[in-house]
Amino acid sequence: ISQLETGKDLGTGTEKCSQEELSILKTILLEFEKVLDGLELKGNPPEMTRDGSFILQVFEWAGVNYDNSTDLLECLERAINMIQASAGPGPSNTPALKTFSDAVQTVFKQRQGVSGDTAGLYRVHVGEARPSRKAAQEARTNLM
C-alpha cells in the first residue's frame, strides 16, 4: 500500500483507486494483521489449527464479511493492477497482496452445487512465518 501512497497518478479511468479506497484497504489490511498478531499460538513451533468457520471470524474481526467482500476484491484487483503498472516489466511487486486477494476470494466465493455449511470444507492453520531461504542466507552472511 505504501507504494500506492506516493502521490503518483496511477491507473486510469475506472481502474484507478481513490485515496479513500486506498485508505480503507490499508485499514483492513492493518486490522487483519492486528487480528492475526493477537491470536494466541501455543506449542513449539507456535501454531493453531481450527475449523474453516474460524477464518470467517478472523475476516469479520478485520471488518470483512459477505456484504463487503465483493467491493474489497474489486479494490484489491485495482490496487494490484496499479502497482504492476507503476513497476513496469519485471518481477511482480504484489505477491502478498495477490495472496490476500486469493484468500478473500476463496473464503467468500459462492460455491455452486455445494449444500450446507461450506466452512466445514476447510481447516485454518496459523503459525509463525518461517524465514525464507534468502533471509536465512542473509542472516548467516551478517554473522560472518
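Begin with the secondary structure of this predicted model: colouring the chain by element shows five helices and two strands. Followed from the N terminus, the order of these elements is α-β-α-α-α-β-α.

Next, display the whole chain as a surface. About 10200 Å² is exposed, and carbon and sulfur atoms supply 50% of that area. Of the 144 residues, 26% count as buried. A contact map may be opened alongside: among contacts with a separation of 6 or more, 72% are between residues 24 or more positions apart.

Now hide the surface and select the largest nonpolar core, which has 28 residues. Phe59, Leu72, Leu76, Phe100 and Val104 are the residues with the most contacts inside this core. Two or more residues each come from helix 1 (19-38), helix 2 (53-61), helix 3 (69-87), helix 4 (95-108) and strand 2 (123-127). Helix 3 gives the most, with seven residues.

Within the core, centre the view on Leu72. Which residues does Leu72 touch, not counting residues up to four places away in sequence? They are Leu25, Ile28, Val64, Phe100 and Val104.

The aromatic side chains follow. A search of the whole structure finds six aromatic pairs. For one of them, select Phe59 and Phe108: the ring centres are 5.4 Å apart and the planes stand at 70°, so the pair is edge-to-face. This pair links distant parts of the chain, with Phe59 in helix 2 and Phe108 in helix 4, 49 residues apart. Phe59 and Phe108 are both buried. Extend the selection to Phe32, Tyr66 and Phe100, which together with Phe59 and Phe108 form one aromatic cluster.

A ring with a charge over it is the next stop. Select Arg50 and Phe54: Arg50 lies over the face of Phe54, at 4.6 Å from the ring centre.

Finally, return to helix 3 and select Cys75. Is Cys75 buried or exposed? Its relative accessibility is 7%, and Cys75 therefore counts as buried, the cut-off for that class being under 20%. With residues up to four places away in sequence left out, Cys75 touches Cys17, Glu21 and Leu25. Leu25 is also among the residues touched by Leu72. To close, draw a distance between the C-alpha atoms of Cys75 and Ile24: the separation is 9.5 Å, although these residues are 51 residues apart along the chain.

How values were computed
Residues numbered from 1 in each chain as written. Predicted model: local features only at pLDDT ≥ 70, side-chain atom pairs only at ≥ 80, totals over all residues. Heavy atoms only, no water. Helix = DSSP H or I, 4+ residues; strand = E, 2+ residues; numbered from the N terminus. Buried < 20%, exposed > 50% of the residue type's maximum accessible area, 1.4 Å probe, protein only. Contact = heavy atoms within 4.5 Å. Areas by Shrake-Rupley, 256 points an atom, 1.4 Å probe, with all protein chains shown as cover. Core = buried A, V, L, I, M, F, W, Y, C linked by side-chain atoms within 4.5 Å. Phe/Tyr/Trp six-rings, centres within 6.5 Å; stacked < 30°, edge-to-face > 60°. Lys NZ or Arg CZ within 6 Å of the ring centre and 35° of its normal.
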